[in-house]
Amino acid sequence: MNIEQIKFDEKGLVPAIIQDYYTKEVLTLAYMNKESLEITLRDKKTCFFSRSRQELWLKGETSGNYQHVVSVKYDCDADALLVEVKKDGPACHTGAESCFFNSLFEAEDYSSFTPEKLYKLIKDRKVNPNEKSYTTYLFEKGLDKILKKVGEECTEVIIGAKNNDNDELRYEIADLYYHTLVLMIEQGLTIQDVKDELAKRHVVDHKVKQEKMGGESK
């Protein structure tokens, strides 16, 4: 990126949308001037310009909730930034994960469901047991019970596919996904661990394809 391409406003600022690299949740909207953007790119941590205090501020300098920069992109007009980060803690000064937690409007069919939120809910059932919770029951019964359920759900998925019934298949895949998350938490794996593994395979697969194509052209 060439910073000279960025169109700062009359006050020398550009809005920066901060997004969680893992969940893609929008964390906050802040502003950067040229100096804070240069610091952000150099140190790989978000640095903003405070319009109220009229000074630079490094996110996490006092709270410890640093935001480690993964990518910085700018829009088609070069007058707004999108910054993907891996965060050390909540983005909001209130302690909320995102600054955008107040709802002005939600459609009737709106759903904020994400696999990451489901993972957190399941993990909470392990850390804070609820005797009425099926999830807590699985954790209390231990690994063998969880593995048995995963095996059962694998069979159900196969049956659903063999029956050529997509409604049944969708339902059983959801069951398998849930029980797999329970197993992951029991074994200390995260969704990001799996994503990272898939990403590594994607890179390897891409290289293999390139090598094959190169060999065929010789």
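In the predicted model, Thr136 lies in helix α3, which spans residues 134–141. Its relative accessibility is 2%, so Thr136 counts as buried, the cut-off for that class being under 20%. Leaving aside residues up to four places away in sequence, the contacts of Thr136 are with Arg125, Pro129 and Asn130. With Asn130 there is also a polar contact: a polar atom of the Thr136 side chain is placed 3.1 Å from the backbone nitrogen of Asn130. Lys123 precedes Thr136 in the chain by 13 residues, and the C-alpha atoms of the two are 9.4 Å apart.

Thr136 belongs to a set of buried residues in α3 that also includes Thr135, Leu138 and Phe139. These residues span an arc of only 155° around the helix axis and therefore sit on the same side of α3. An α-helix has 3.6 residues a turn, so residues three or four places apart point the same way. The buried residues of α3 pack against three helices, α2 (115–127), α4 (143–162) and α5 (166–187). Glu140 and Lys141, by contrast, are exposed and are carried on the face of α3 turned away from its buried side.

Both ends of the helix show local features. At the start of α3, the backbone nitrogen of Thr135 has a side-chain oxygen of Ser133 within 3.2 Å. After the helix comes Gly142, which has a positive phi, near 95°.

Key
Residues numbered from 1 in each chain as written. Predicted model: local features only at pLDDT ≥ 70, side-chain atom pairs only at ≥ 80, totals over all residues. Heavy atoms only, no water. Helix = DSSP H or I, 4+ residues; strand = E, 2+ residues; numbered from the N terminus. Buried < 20%, exposed > 50% of the residue type's maximum accessible area, 1.4 Å probe, protein only. Contact = heavy atoms within 4.5 Å. Polar contact = N/O pair within 3.5 Å; in protein donor to acceptor, adjacent residues only side chain to side chain. Arc of directions from axis to C-beta.
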